[in-house]
Amino acid sequence: MKILIIGDGKIGSILAEQLSLEKHEVTLVDRSAERLGQSNNELDVMIVEGDGASRAVQLEAGADRADLVIACTGEDERNLLCCLIAKKLGARHTIARVRNPLYAEDLSLIQDDLGLSMTINPEETCATEMARVLRFPSAIKIDTFAKGHVEIHKTNVAKGSPLDGLTLRDIGKFRSNVLICAVERGAQDVIIPSGDFQLRAGDRISVVASPVDAHRFFRQVGVVASRVRQVMLIGGGRMGYYLGRQLLASGMDVKIVEFDFNRCEELSELLPGATIIHGDGTDQRLLQEEGIEHMDAVAALTGIDEENIIISLYAGNTTKAKVITKISRDTYEPLVEKLSLGSVFYPRNICADNVLRYVRAMQDSDAYASMETMCKIVSNKVEALEFRVTANADFCGIPLQDLHLKDELLIGCICRGDKFITPRGSDTIEVGDSVIVVTTISGLRSLNDIFTARR
């Protein structure tokens, strides 16, 4: 596919990298020759210097022949204008990054008029994932599938846990309908496990289950976390606003620490139910005065990664709170994995996942199944994909044991209506099912791609 990306910032660069890795023809447009030069050296992309809101620049970049134009500059209005021009020039699909809550809430009214296929809001999407974890604080990360009927919980195996030393085929003794679909061991090893795989303390496991079964399973293995009631958000930017709004709606007490006084006044009007504190979130004395040791959860959401890391380390060492850390640059990932920062979220990676899912769905040539969801669940090393079977296919009705799946891949669950099925050899895939596939193979676009040629 021919894809044009306008804006070579944090979002644009990660999208260009991921889409070029999936063999798309990517062109980057930006006004900064320096940023474009770096991308040209590091990525397999074409570059065009200029203003992406210019008709002439878009024509030079090939917007009139593009399958997709993604506008992700730092200005919402410019992104909307870029998409409108691209659509008028003949681009098949357009995606705009829109972060301002004022625009985001009303955009559905004019989305068709602007010719938008999709909007992306990294801060709001990331805040939603954070809020999900705070509702089940024993998890490091939670991804949802099949309209909330299926979840993948990522958590640690603690020393002395009933899971320590257990083989996966013995998980059934807990009488919970769950499946461990991926295991991280150490800094590098990622395993799609078989039934003979033995868990160890220190492993980070990803568990596929319905929400009810997940709660039951973790309770049985001793992973019990009290409900989060009091939350301190350090940083009152867009993400702090979006997360605070969601947490207040779920009944939590929210306290936001923000350095900018004018922003504090804005937040007081936007979130009247929250307590807004004007001060430096890196000031340990201030945090102590505001009762950080009594918090059930602390989220470091400032615009500076280094500050977020320091705040999270301090919170983790001085409280028993659930800690959440926002990191904007993936260059810190090797360091972050060695530190105790609680649940770490990378907004730009979450945004990239949403766009990649949309791009793969655009390419989907299957008449019998469509891709509904795609998530990177293990440090971008494992993909979890949801396919919905929409028509009868030659694999329907055949027991899974008679189908030949590719290596490094498993079917995590089959969702049939309201029924959650942990796949066994005798189970089948039927029309109407949602099938969750977990794999280390990158770039799967079709349900048919999970089978070998022997099928």
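Is lysine 147 buried or exposed, and what is its relative accessible area? In this structure, which I should say at once is a predicted model, lysine 147 is exposed, with a relative accessible area of 84%. Lysine 147 sits in the loop between β7 (141-145) and β8 (150-156), and its phi is positive, at about 55°, although the residue is not a glycine.

A second lysine can be described in similar terms. Lysine 23 has a positive phi of about 70° and is not a glycine either; its place is in the loop between α1 (10-21) and β2, and it is exposed, with a relative accessible area of 73%. As background, most residues other than glycine have a negative phi.

Let me now turn to a lysine in another setting. Lysine 255 belongs to strand β13, which covers residues 253-258, and with a relative accessible area of 17% it counts as buried, because the cut-off for that word is under 20%. A polar atom of the lysine 255 side chain lies 3.0 Å from the backbone oxygen of glutamate 290. If we leave aside its neighbours within four places in sequence, lysine 255 is in contact with Val231, Met232, Leu233, Thr275, Ile277, Glu290 and Met295.

Leu233 brings us to the interior, since it is among the residues with the most contacts inside the largest nonpolar core, together with Leu163, Phe217, Leu243 and Leu247. That core has 49 residues, and helix α7 (residues 122-135) gives the most to it, with 6 residues. Apart from this core lies another, of 48 residues, which includes Leu36, Leu356, Met362 and Tyr368. Leucine 243, again leaving aside neighbours within four places in sequence, is in contact with Ala127, Met130, Ala131, Leu233, Ala299 and Leu301.

Helix α7 also meets helix α14 (residues 347-363): their axes come within 9 Å and cross at roughly 100°, and the two helices are therefore roughly perpendicular to each other. On the α7 side the residues are Pro122, Thr125, Cys126 and Glu129, and these meet Pro347, Ile350, Cys351 and Asn354 in α14.

Next, the strands. An open sheet of 6 strands runs in the order β3-β2-β1-β4-β5-β6, with parallel pairing, and its edge strands, each pairing on one side only, are β3 (46-49) and β6 (118-120). From one strand to the next the twist averages 20°. At the β3 edge, strand β2 (residues 25-30) pairs with β3 in the parallel sense over 4 bridges, and aspartate 30 stands opposite glutamate 49 in β3. Helix α4 (residues 76-89) packs on this sheet, where it touches β1 (2-6), β4 (68-71) and β5 (93-97), and its direction makes about 175° with that of β5.

Finally, why can strand β22 be called largely enclosed by the rest of the structure? The reason is that 6 of the 6 residues of β22 (residues 434-439) are buried. Ser434, Ile436 and Val438 point one way from the strand, while Val435, Val437 and Thr439 point the other way, and all are buried. Strand β19 (residues 383-389) pairs with β22 in the antiparallel sense over 6 bridges, and strand β20 (residues 409-416) likewise pairs with β22 in the antiparallel sense over 6 bridges. Valine 438 in β22 has alanine 384 opposite it, and leucine 410 also stands opposite valine 438.

Definitions and conventions: Residues are numbered from 1 along each chain as its sequence is written. This is a predicted model: local features need pLDDT of at least 70, side-chain atom pairs count only at pLDDT 80 or more; totals for chains, interfaces and linings use all residues. Side-chain values use heavy atoms; hydrogens and water are left out. Buried means under 20% relative accessible area, exposed over 50%, partly exposed in between (1.4 Å probe, protein chains only). A polar contact is a pair of N or O atoms within 3.5 Å; within protein, one must be able to donate a hydrogen and the other to accept it, and residues adjacent in sequence count only if both atoms are side-chain atoms. Contact means heavy atoms within 4.5 Å. Two strands pair if DSSP finds at least two bridges between them. A nonpolar core is a set of buried Ala, Val, Leu, Ile, Met, Phe, Trp, Tyr and Cys residues joined through side-chain atoms within 4.5 Å. Axes are lines fitted to C-alpha atoms, for helices over the stretch in contact, and angles run from 0 to 180 degrees between N-to-C directions. Angles under 35 degrees count as roughly parallel, over 145 as roughly antiparallel, 65 to 115 as roughly perpendicular and the rest as oblique.
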